[in-house]
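Open the model in your viewer and keep the sequence panel beside it. The stops below go from the whole chain to single residues and then to the pockets.

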Amino acid sequence: MRRLRFCGLLRGAGVVVVAVVLAAGCGVGASREVVTFPPASVGPAATVSPAVLQTRTLIAAALAPLQIQLADAKTPFRPGESPRVAAAPRAVYQAILPADPEGGQIVVYEFRDPGAAVDAGNELAGYLGTGAGRIQFADDARQTIHQVGTTLIFYTWAPSTSPDPGSPKIADALATLGTGFTPPR
């Protein structure tokens, strides 16, 4: 009788151990990262900070000699981003390209200070050189990443998918602003 009772206890303890292991492996303890929704893009109806507004003014001035206008983006746009950049507030603008009405998106991210913007620029450039970063863009994609004060400018275009001859000119104009970061190839 005692032997039966002892086997029953072992079976009960075994079931509890198996349940704990399954619960831990199925998600309860699988990830230590907090999953959050990314900040929404700033659209035409929203207000932007003075730093983002100043960066927008610099972008518009850099594009003006090329006779390329800058407007608020009319459609949602979210490029591949590193974690720091994905968590930052952003404003999306669009350089108006006649032959590519869906292209020309320029994203301006804002950070707490210039040092944080530099760190985010380095992280984004490094991320774009990884497999996870590369697969989000065409093989021949060219990225422009520049830090201006507390903001980070990000523009990408690809010869294979950007039919307007103004696409590379936008990258050249943005390269004149602030400090640049080059993603590894």
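Two residues are in contact when heavy atoms of theirs lie within 4.5 Å. Among the contacts in the protein with a separation of 6 or more, 65% are between residues 24 or more positions apart.

This is a predicted model, in which local features need pLDDT of at least 70 and side-chain atom pairs count only at pLDDT 80 or more, while totals for chains, interfaces and linings use all residues. Residues are numbered from 1 along each chain as its sequence is written, and side-chain values use heavy atoms, with hydrogens and water left out.

**Whole chain**

Show the cartoon. The protein has 6 helices and 7 strands; these are DSSP runs numbered from the N terminus, with helices being H or I of at least four residues and strands E of at least two. Traced from the N terminus, the order is α-β-α-β-α-β-β-α-α-β-β-α-β.

Switch on the surface. About 11,000 Å² is exposed, and carbon and sulfur atoms supply 62% of that area (accessible areas come from the Shrake-Rupley method with a 1.4 Å probe, and for residues only the protein chains shown count as cover). Of the 185 residues, 37% are buried. Buried means under 20% relative accessible area, exposed means over 50%, and partly exposed is in between, with a 1.4 Å probe and protein chains only.

**His146**

Select His146, which lies in strand β5. Is this residue buried or exposed? His146 counts as buried because its relative accessible area is 10%. Now add Leu174: the two residues are 28 apart along the chain, and their C-alpha atoms are separated by 7.5 Å. Beyond its neighbours within four places in sequence, His146 has contacts that include Thr151, Leu152, Ile153, Leu174 and Gly178. Leu177 deserves a distance label, as the side chain of His146 reaches its backbone oxygen at 2.7 Å.

**Thr55**

Go next to Thr55 in helix α2, residues 50-63. With a relative accessible area of 2%, Thr55 is buried. Which residues does Thr55 contact, leaving aside neighbours within four places in sequence? They are Val108, Val148, Thr151 and Ile153. Thr151 and Ile153 are also among the contacts of His146.

**Leu97 and Pro165**

Select Leu97 in the loop between β3 (90-95) and β4 (105-110). Leu97 is buried, so little of it should show on the surface: its relative accessibility is 3%. Asp164 is 67 residues away in sequence, yet 6.4 Å away in space, C-alpha to C-alpha. Not counting residues up to four places away in sequence, Leu97 touches Ile68, Gly103, Gly104, Asp164, Gly166, Ser167 and Ile170.

Move on to Pro165, in the loop between β6 and α6 (166-174). Pro165 is exposed, at a relative accessible area of 56%. Its C-alpha atom is separated by 9.5 Å from that of Pro98, which is 67 residues apart from it along the chain.

**Gln67**

Select Gln67, in the loop between α2 and β2 (70-72). Gln67 counts as exposed, with 75% relative accessibility. Check the backbone as well: Gln67 is not a glycine, but its phi is positive, about 60°. Most residues other than glycine have a negative phi.

**The pockets**

A pocket is found on a 1 Å grid over the protein atoms alone, as an open set of points where a 1.4 Å probe fits, with protein on both sides within 12 Å along at least five of seven lines; lining residues have an atom within 4 Å of a point. Grid points are joined across faces, edges and corners, and a volume is the space filled by probe spheres set on the points.

The largest pocket has a volume of about 310 Å³. Of its 19 lining residues, select Leu128, Ala141, Gln143, Pro184 and Arg185, which lie nearest its centre. Elements giving two or more residues to this lining are α5 (131-134), β5 (142-148) and β7 (179-181). The largest share, 5 residues, comes from β5, the strand that holds His146.

Finish at the second largest pocket, with about 270 Å³ of space. It is lined by 20 residues, and Thr156, Trp157, Ala158, Thr161 and Ser162 are the closest to its centre. Strand β6 (residues 151-157) gives the largest share of this lining, 3 residues.

Conventions: Polar contact = N/O pair within 3.5 Å; in protein donor to acceptor, adjacent residues only side chain to side chain.
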